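Here is a short guided walk through one protein chain, written to be read with the model open beside you. Let's take a few residues and helices in turn.

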Amino acid sequence: MLEAYPWVGISMLRLRSSRIAAIFLVLSSALPSGLAGQSAQTERQRKTSEPYTGDLSIFETPGRDERLQVARVMDTLGITAGKAVADIGAGSGWFTVRAARRVGQSGMVYAVDINPEAVRYIGDRAKKEQLENVKAVLSTPDDSHLPSQSVDSVLLLKTYHEVAHPVLLLQNLRPALRPGAKLGVIDRNGNGEDHGVDRQVVIREAKEAGYTLLDQYDFVKGDKMDYFLVFTAKP
């Protein structure tokens, strides 16, 4: 019958295609916004480096304070007595203990890491160094698990290039930030899988997550390969 009236078959195919498209549109709109966002981010996922799980003592190299100018970094992030700080990707706690001494007993430093061994290591280190203002936090790759409205300053020190879903991580960090909180990212230029990531990529992803770039610096290493970006969350 359709061979005698080919236009009938074509019309039926068009009608069927239209119905399928309409059903797909309805199902897509019914997806939770979070899932839709995760799906979109998966499509744009860039290359990352494997998170470090080796000997944590490698972060304790002599002269690192001077090379990274860590005191100037803390000044830039507004880390002073009584402030609350998050060290995301804390590793051995190298920056954690320095921030803890800076903020004093009236302040707090959250040492955040996805590696259980690093969290245990920092907990033991804080006890040995009698730093009662350090709280080690076991996080997940996409969420730092910090309390709401808990921090004034955040630093990701040579960690950002290991984050598989940086936009999601930064979005989930926003509720933990107090008004005017500063987010610092120190990393080196690279392609994502060579333990570095281009600074423009970080700036673009932070903007997508709802942050504004306040300033950028090159003083954290003499070879100018490292950069220091400072952001704040948009209202």
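## Two non-glycine residues with positive phi

Lys158 is partly exposed, because its relative accessible area is 24% and the partly exposed class runs between the 20% and 50% limits. In this predicted model, Lys158 sits in the loop between strand S4 (151-157) and H7. The backbone is worth a look here: the phi of Lys158 is positive, near 50°, in a residue other than glycine.

Gln69 is another residue to inspect for this feature. Although Gln69 is not a glycine, its phi is positive, about 50°. You will find Gln69 in the loop between helix H3 (64-68) and helix H4 (70-76). With a relative accessible area of 30%, Gln69 is partly exposed.

## The chain overall

Stepping back, the chain has eight helices and seven strands. Of its 235 residues, 41% count as buried. If you take the contacts between residues at least 6 apart in sequence, 73% of them join residues at least 24 apart.

## Helix H5

How many of the 10 residues of helix H5 are buried? Eight of them are, so H5 (residues 94-103) is largely enclosed by the rest of the structure. The buried residues are Trp94, Phe95, Thr96, Val97, Arg98, Ala99, Ala100 and Val103. Just after H5 comes Gly104, with a positive phi of about 75°.

## Around helix H6

Asn115 lies in the loop between strand S2 (108-113) and H6. Its relative accessibility is 14%, so Asn115 counts as buried. The side chain of Asn115 reaches the backbone nitrogen of Glu117 at a distance of 3.0 Å.

Within helix H6 (residues 116-128) you can pick out Ile122. Is Ile122 buried or exposed? Ile122 is buried, with a relative accessible area of 3%. Leaving aside residues up to four places away in sequence, Ile122 touches Ala90, Gly91, Ser92, Gly93, Ala111, Val134 and Ala136. Take Gly91 from that list: Gly91 and Ile122 are 31 residues apart in sequence, and their C-alpha atoms are 7.9 Å apart in space.

## Helix H8 and its surroundings

Helix H8 covers residues 199-208, and its buried residues are Arg199, Val201, Val202, Ile203, Glu205 and Ala206. What do these buried residues pack against? Their partners are helix H7 (166-173) and three strands: S5 (177-188), S6 (211-217) and S7 (226-233).

Now for the two ends. Asp198 caps the N-terminal end of H8, with a side-chain oxygen 2.9 Å from the backbone nitrogen of Gln200. After H8 comes Gly210, which has a positive phi near 100°.

## How H7 meets H8

Two packed helices are described by the angle between their axes and the distance between the axes. For H7 and H8, the axes come within 8 Å and cross at roughly 50°. The two helices are therefore oblique to each other, and H7 passes H8 in a right-handed crossing.

On the H7 side, the contact is made by Pro166, Val167, Leu170 and Gln171, while H8 contributes Glu205, Ala206 and Glu208. Sorted by class, the contact has four nonpolar, one polar and two charged residues. Two of the H8 residues in this contact, Glu205 and Ala206, also appear among the buried residues of H8.

Conventions
Residues numbered from 1 in each chain as written. Predicted model: local features only at pLDDT ≥ 70, side-chain atom pairs only at ≥ 80, totals over all residues. Heavy atoms only, no water. Buried < 20%, exposed > 50% of the residue type's maximum accessible area, 1.4 Å probe, protein only. Helix = DSSP H or I, 4+ residues; strand = E, 2+ residues; numbered from the N terminus. Contact = heavy atoms within 4.5 Å. Polar contact = N/O pair within 3.5 Å; in protein donor to acceptor, adjacent residues only side chain to side chain. Axes fitted to C-alpha atoms, helices over the stretch in contact; angles between N-to-C directions. Parallel < 35°, antiparallel > 145°, perpendicular 65-115°, else oblique. Left-handed = near helix turned anticlockwise from the far one by under 90°. Nonpolar A, V, L, I, M, F, W, Y, C, P; charged D, E, K, R; others polar.
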